[in-house]
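Subject: Structure for your review

Dear colleague,

Please find below the structure that I am handing over to you. My account of what was found in it follows directly after.

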Amino acid sequence: MTSGILSGRGKFITLEGGDGSGKSTQSRLLQAFLKEKGADCLLTREPGGAPGADEIRELILTGEPERWDAVGETLLFYAARRNHLRLTIEPALAAGRFVISDRFADSTMAYQGYGNQLGVAAVQKIHDFAIGDFAPDLTFILDLPAEEGLRRTEGRLHNEDRFEKMDLSFHERLREGFLSIARENPARCFVLDASRPVGDIQAEMREQLDQRLFR
Ligand SMILES: Nc1ncnc2c1ncn2[C@@H]1O[C@H](COP(=O)(O)OP(=O)(O)OP(=O)(O)O)[C@@H](O)[C@H]1O
Ligand SMILES: [Mg+2]
C-alpha cells in the first residue's frame, strides 16, 4: 500500500506544541511506526537538522532570554529553516522518503508571533520571503496546559533552556497561538490532547496518518 507514495515525492509531517508537550517522544514512536510499515523515514528537528542550522540552534537556544529580540530571533530561525529545508528536507522528499520534523514553522509563528508578540503579519512576511509556499502535508499539534509542559521539563539537564526561562504568560500565549494556527489551517493541522498517556496519543496519531496518507 505504501508503494504509491514511495514511487513519488515523499510526505512531510511535523510535530508542534509547547515545551514538554511530548513532541520528541511521539516523533520517535511515529518514525518506528512508519518503519514497521516499510516506509523509509527521516527524523529531524528544529532549530537544526543540517550543519549550519545546528550552529544557529546553539545561538538561539542558549543564553539569557534578552539575548535576541523578537525580530532578530525570527530571522535566525528562518536562516536555520532555509538551510534545513535546502540541505535535508527537500532532498529526502525528492527521494520519496517520509520526513518527520520535531518542530517547524508553526513554532516560529507561535513563539515569536504570539509568545513574543511580534504579530502574525510580521512573522508571515518573513516566512513568505524565506520559504515561500512550502508547507507540511500533515501537522500534529500537541496541546497541553503550559504549567504541565514546564513541569515535565523541570530538572532536565541541558543548557538549551532560553525559552523555558520565559514567564508563564509567554507559555500561555504560545499555547493559544498553536490553537489559532490549527483553527486557521484545519486541513493540515490535527490537535491532540497531550495530557493523556503516551500510548493513547500515539494511537490517535497513527490512525490519522493511516487515514490521511495511506488511503
Ligand atoms: N503523554 C505523556 N505523559 C507524561 N509524560 C510525558 C508524556 N509524553 C512525554 N512525557 C515526558 O515529558 C518529558 C518531555 O517530553 P518530550 O521531551 O517528548 O517533550 P518535547 O515536546 O520534545 O519537549 P521540548 O519542547 O522541551 O523538546 C519527558 O520526560 C517525557 O518522558
Ligand atoms: Mg523535544
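Gln-117 is located in the loop between α5 and α6 (120-131). In this predicted model, its phi is near 60 degrees, a positive value in a residue other than glycine. Gln-117 counts as exposed, because 11 C-beta neighbours lie inside 10 Å and the limit for an exposed residue is 12 or fewer.

Arg-103 likewise calls for a look at the backbone. Its phi is positive, at about 80 degrees, although Arg-103 is not a glycine. The residue sits in the loop between β3 (98-102) and α5 (105-115). Arg-103 counts as buried, since it has 24 C-beta neighbours inside 10 Å and 20 or more are required for that class.

A further backbone feature concerns a peptide bond. Glu-46 and Pro-47 are joined by a cis peptide bond, with omega at about -10 degrees. Pro-47 belongs to the loop between β2 (41-45) and α3 (51-61). As general background, most residues other than glycine have a negative phi, and most peptide bonds are trans.

Within helix α5, Ala-110 may also merit your attention. Ala-110 is buried, with 26 other C-beta atoms within 10 Å. Apart from its neighbours within four places in sequence, Ala-110 is in contact with Gly-115, Leu-174, Gly-177, Phe-178 and Ile-181. Of these partners, Ile-181 is 71 residues away from Ala-110 along the chain, while the C-alpha atoms of the two are separated by 8.0 Å.

I turn next to helix α9. This helix comprises residues 198-213, 16 in number, and reaches 22 Å from its first C-alpha to its last, close to the 22 Å expected at 1.5 Å a residue. Its buried residues are Ile-201, Gln-202, Met-205 and Leu-209. They lie on the same side of α9, because they cover an arc of only 95 degrees around the axis. The buried residues pack against three elements, namely α2 (23-36), β4 (138-143) and β5 (189-193). On the face of α9 turned away from this buried side are the exposed residues Gly-199, Asp-200, Glu-207 and Gln-211.

Which residues come nearest to ligand 1? Of the 13 residues around the ligand, these are Gly-22, Lys-23, Ser-24, Thr-25 and Arg-152. Two or more residues of the shell are given by each of α2, α7 (146-153) and α9. Helix α2 provides the largest share, 3 residues. By class, the shell holds 3 nonpolar, 7 polar and 3 charged residues.

Finally, some remarks on the chain as a whole. It contains 9 helices and 5 strands, which follow one another along the sequence in the pattern α-β-α-β-α-α-β-α-α-β-α-α-β-α. The radius of gyration is 17 Å, close to the 17 Å that the globule rule gives for 215 residues, so the chain is as compact as a globular protein of that length. Its C-alpha trace spans about 50 × 35 × 35 Å along the principal axes. Of the 215 residues, 38% count as buried. Among contacts with a separation of 6 or more, 81% are accounted for by residues 24 or more positions apart.

With kind regards

Definitions and conventions. Residues are numbered from 1 along each chain as its sequence is written. Chains are lettered from A and ligands numbered from 1 in the order in which they are written. This is a predicted model: local features need pLDDT of at least 70, side-chain atom pairs count only at pLDDT 80 or more; totals for chains, interfaces and linings use all residues. Helices (H or I, at least four residues) and strands (E, at least two) are DSSP runs, numbered from the N terminus. The expected span of a helix is 1.5 Å times one less than its number of residues. The arc is that of the directions from the helix axis to the C-beta atoms. Two residues are in contact if their C-beta atoms, placed from the backbone, lie within 7 Å. A residue is near a molecule or strand if its C-beta atom, placed from the backbone, lies within 6 Å of it. Ala, Val, Leu, Ile, Met, Phe, Trp, Tyr, Cys and Pro count as nonpolar, Asp, Glu, Lys and Arg as charged, and the others, Gly among them, as polar. The radius of gyration is taken over C-alpha atoms; the globule rule is 2.2 Å times the number of residues to the power 0.38.
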